[in-house]
Each structure stands twice: as structure tokens, then as C-alpha cells.
Amino acid sequence: MYEPIRTKSVHSMADADFPHRTREEELDIQLAGHLAALLAVTEDLGLDQAAELIARQVTRLRGTPPARTSAPLSGTDAAELHGRALAHAGRALVVAASRADTTAAILAAERMDAHKAALRAPEEHALTTTH
């Protein structure tokens with residue numbers, strides 16, 4: 001009465017013939033991505049020493065050096081860039097902690113502190129000049 005199904009079901013499991021990444025490999029990729037984004041903003045801010053430290057970590061995770069810029073890419077103001085860098089460093093810290101990468105976690109935490117301080121500096125300057 002019914003003709004049998006001759007094709008594979010779309011609900012069946014995919015073939016396991018292709019390589020899968022481990023959780024650690026996925027976390028390495030995520031961490032390298034967050035650090036690369038932090039690197040771009042750090043270079044845009046002109047923080048060469050910090051950029052070099054971040055680039056070393058990206059190189060360690062990816063196995064190849066990251067693409068680097070020699071001049072700022074955007075005309076964005078420093079406060080917005082510090083805010084972006086703080087967000088990228090925070091994301092990197094979360095991934096580094098979940099992957100137990102102490103070196104990257106320390107670097108991310110240091111960058112977070114530096115960008116928080118940079119964001120507070122204009123406020124503190126405004127408070128001292130008005131009194």
C-alpha cells in the first residue's frame with residue numbers, strides 16, 4: 001500500500017566521517033578571537049606594549065601571528081574604544097578561565113583594569129577641576 005522510504009531521514013545523525021573539534025580546541029578558537037578583537041582596539045588606542053603582549057597570546061593560541069595594523073583604523077574617541085576593549089577583555093577572561101589558561105586570564109584581567117582606569121580618569125579629572 002505504501003512505498004518504502006528510500007532516502008535517509010533528515011532526522012538521523014550525521015555521518016561521523018568528518019573530524020570534530022574538542023571542547024579545548026573550540027575554547028582556543030574563541031579565546032584567540034576575543035584576544036584578536038582586543039588587539040585591534042588596543043592598537044587603535046596606540047597602546048603598543050599592551051598590543052605586543054596580546055599578539056603573543058594570539059600567536060600561541062592560533063599558531064600564527066595575528067594580522068596587525070600600523071595606524072589607527074577608526075576615528076572613534078578614546079572613551080568608546082576603552083569601553084570596547086573592556087568588553088573584549090572581559091569576554092577573553094571568561095573563556096580563559098573556563099579553559100584554565102592562567103596566562104591569558106591574567107593578561108585579560110590586567111587589560112580590564114587598565115581600561116577601567118582609563119575610563120575613570122576623565123571623570124576624576126572633571127571632578128578635580130570643578131572644585
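This is a guided tour of the structure, with a suggestion at each stop of what to select and what is to be found there.

**The whole chain**

The model is predicted, and a cartoon view of the protein shows 4 helices and 0 strands, which follow the pattern α-α-α-α when read along the sequence. If you colour by relative accessibility, 29% of the 131 residues count as buried. A contact map is a useful companion here, since residues 24 or more positions apart account for 67% of the contacts in the protein with a separation of 6 or more.

**Helix H1**

Select residues 23-45, which make up helix H1. The 23 residues of this helix should span 33 Å at 1.5 Å a residue, and because the C-alpha atoms at its ends are 33 Å apart, the model agrees with that expectation. Show the side chains next, and look for the buried residues of H1, among them Leu27, Leu31, Leu35, Leu38 and Leu39; the buried set also includes the charged or polar positions Asp28, Thr42, Glu43 and Asp44. Step past the end of the helix to glycine 46, which follows H1 and has a positive phi, near 80°.

**The nonpolar core**

Nonpolar side chains tend to be buried together in soluble globular proteins. In this model the largest nonpolar core has 25 residues, and a good way into it is to select Leu31, Leu35, Leu38 and Ile54, the residues with the most contacts inside it. Helices H1, H2, H3 and H4 each give two or more residues to this core, and the largest share, 8 residues, comes from H1.

Centre the view on leucine 38 and display its surroundings: setting aside residues up to four places away in sequence, leucine 38 touches Ile54, Ala85, His88, Ala89, Arg111 and His115.

**Arginine 111**

From leucine 38, move to one of its contacts, arginine 111, which lies in helix H4. Which side chain of opposite charge is nearest to this arginine? It is glutamate 110, at 6.5 Å, and arginine 111 is thus found to be buried yet without a salt bridge. With residues up to four places away in sequence again left out, arginine 111 touches Leu38, Leu47, Ala50, Ile54 and Ala89.

**Helix H2**

Now select residues 48-62, helix H2. Its 15 residues should span 21 Å at 1.5 Å a residue, and the end C-alpha atoms are 21 Å apart, which agrees. The buried residues of H2 are Ala50, Ala51, Ile54, Ala55, Gln57, Val58 and Leu61. Turn the view to look down the axis of H2: the buried residues fall within an arc of 165°, so they line one face of the helix. On the other side of H2, Asp48, Gln49 and Arg56 are exposed. After the helix comes glycine 63, with a positive phi near 90°.

**The loop between H3 and H4**

Select arginine 99 together with aspartate 28, whose side chains meet in a salt bridge at 2.2 Å, N to O. Arginine 99 lies in the loop between H3 and H4 whereas aspartate 28 belongs to helix H1, so this pair ties together parts that are 71 residues apart in sequence. Add aspartate 101 to the selection, because arginine 99 forms a salt bridge with aspartate 101 as well, the closest N and O atoms being 2.4 Å apart. Aspartate 101 is buried, with a relative accessible area of 5%, while arginine 99 is partly exposed, with a relative accessible area of 25%. Adding Arg60 completes the picture: salt bridges that share partners join Asp28, Arg60, Arg99 and Asp101 into one network.

Alanine 100 is found in the loop between H3 and H4 too, and its backbone deserves a look, for its phi is near 60°, a positive value in a residue other than glycine. Alanine 100 is exposed, with a relative accessible area of 63%.

**Arginine 21 and glutamate 26**

The protein has a count of 5 salt bridges, and the last stop is one that pairs arginine 21 with glutamate 26, their closest N and O atoms being 3.0 Å apart. Arginine 21 counts as exposed, at 52% relative accessibility, and glutamate 26 counts as partly exposed, at 30%.

How values were computed:
Residues numbered from 1 in each chain as written. Predicted model: local features only at pLDDT ≥ 70, side-chain atom pairs only at ≥ 80, totals over all residues. Heavy atoms only, no water. Core = buried A, V, L, I, M, F, W, Y, C linked by side-chain atoms within 4.5 Å. Buried < 20%, exposed > 50% of the residue type's maximum accessible area, 1.4 Å probe, protein only. Contact = heavy atoms within 4.5 Å. Expected span 1.5 Å × (residues − 1). Salt bridge = Lys/Arg side-chain N within 4 Å of Asp/Glu carboxyl O. Arc of directions from axis to C-beta. Lys, Arg positive; Asp, Glu negative; His and termini not counted.
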